[in-house]
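Trainee: Could you take me through one part of this model up close, the place where two helices pack together? I'd like to hear how the pieces fit into one picture.

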Amino acid sequence: MIITFIELMLLTVVLFIVAYPLFAARTVANAGAVITESGYTDLLYRKESLYIAIKDLDFDYKTGKIDDDDYKAMKAGLESDALELLGRIDNYEKQPSPEISSGSSAASRKKRNTIFCHECGASIQKSHKFCSECGTRI
Ligand SMILES: [Zn+2]
């Protein structure tokens, strides 16, 4: 009876360990469905942490903390994660970002404040009374 109980506990633990990455992966996929500004920052943050993890792994390997097979398996996993992340960051950067559109509205605002000299055609700030190029009164 006691042995059965221990086996049951072990089975539960094993099931949890096996199932956990599946749930975790699903959560990540859902988070990636809608990429917001904070989602993008999150992607960049995760990219940084992945690079750090790869560096740590390299260090552990060089110092002999992990063996060849573990190193190769773990590095392959980290690198495929990194590739996937980079792809998503790439996709995000291809989208028209709110920053670019606000930048162009700033440019058009500047344009509205600019007039052209009727004498020489130079562009002058609306607030100016004389042309900065030829001195003609506006
Ligand atoms: Zn002028």
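Mentor: Confidence first: in the chain it peaks in H3, at a mean pLDDT of 93, and bottoms out in helix H4 (residues 98-112), at 60. pLDDT is the predictor's confidence in each residue, on a scale from 0 to 100. This is a predicted model, so local features need pLDDT of at least 70 and side-chain atom pairs count only at pLDDT 80 or more, while totals for chains, interfaces and linings use all residues. Residues are numbered from 1 along each chain as its sequence is written. The chain averages 81, with 74% of the residues scoring at least 70.

As for the layout, there are four helices and two strands, and from the N terminus the order is α-α-α-α-β-β. Helices here are DSSP runs of H or I with at least four residues, strands are runs of E with at least two, and both are numbered from the N terminus.

Now to your pair, H2 and H3. H2 covers residues 37-62, and its 26 residues should span 38 Å at 1.5 Å a residue; the end C-alpha atoms are 38 Å apart, so that agrees. The expected span is 1.5 Å times one less than the number of residues. H3, residues 68-94, has 27 residues and an expected 39 Å, and its end C-alpha atoms sit 38 Å apart, which also agrees. Just after H2, Gly64 takes a positive phi of about 80°.

How do the two helices lie against each other? The axes of H2 and H3 come within 10 Å and cross at roughly 160°. That makes H2 roughly antiparallel to H3, a label for angles over 145 degrees, whereas under 35 is roughly parallel, 65 to 115 roughly perpendicular and the rest oblique. Axes are lines fitted to C-alpha atoms, for helices over the stretch in contact, with angles running from 0 to 180 degrees between N-to-C directions. The crossing is left-handed, meaning the near helix is turned anticlockwise from the far one by less than a right angle.

Contacts here are pairs whose C-beta atoms, placed from the backbone, lie within 7 Å. On the H2 side, the residues that meet H3 include Tyr40, Leu43, Leu50, Ala53, Leu57 and Tyr61. Their partners in H3 include Tyr71, Leu78, Ala82, Leu85, Ile89 and Tyr92.

Ala53 is a handy spot to zoom in on. It belongs to helix H2, and its C-alpha atom is 7.8 Å from that of Leu78, 25 residues apart along the chain. Ala53 has 16 C-beta neighbours inside 10 Å, so it counts as partly exposed. The cut-offs are 20 or more other C-beta atoms within 10 Å for buried, 12 or fewer for exposed, and partly exposed in between, with C-beta atoms placed from the backbone. H3 is hardly covered, with zero buried residues among its 27. Across the chain's 138 residues, 1% count as buried.

How values were computed
Two residues are in contact if their C-beta atoms, placed from the backbone, lie within 7 Å.
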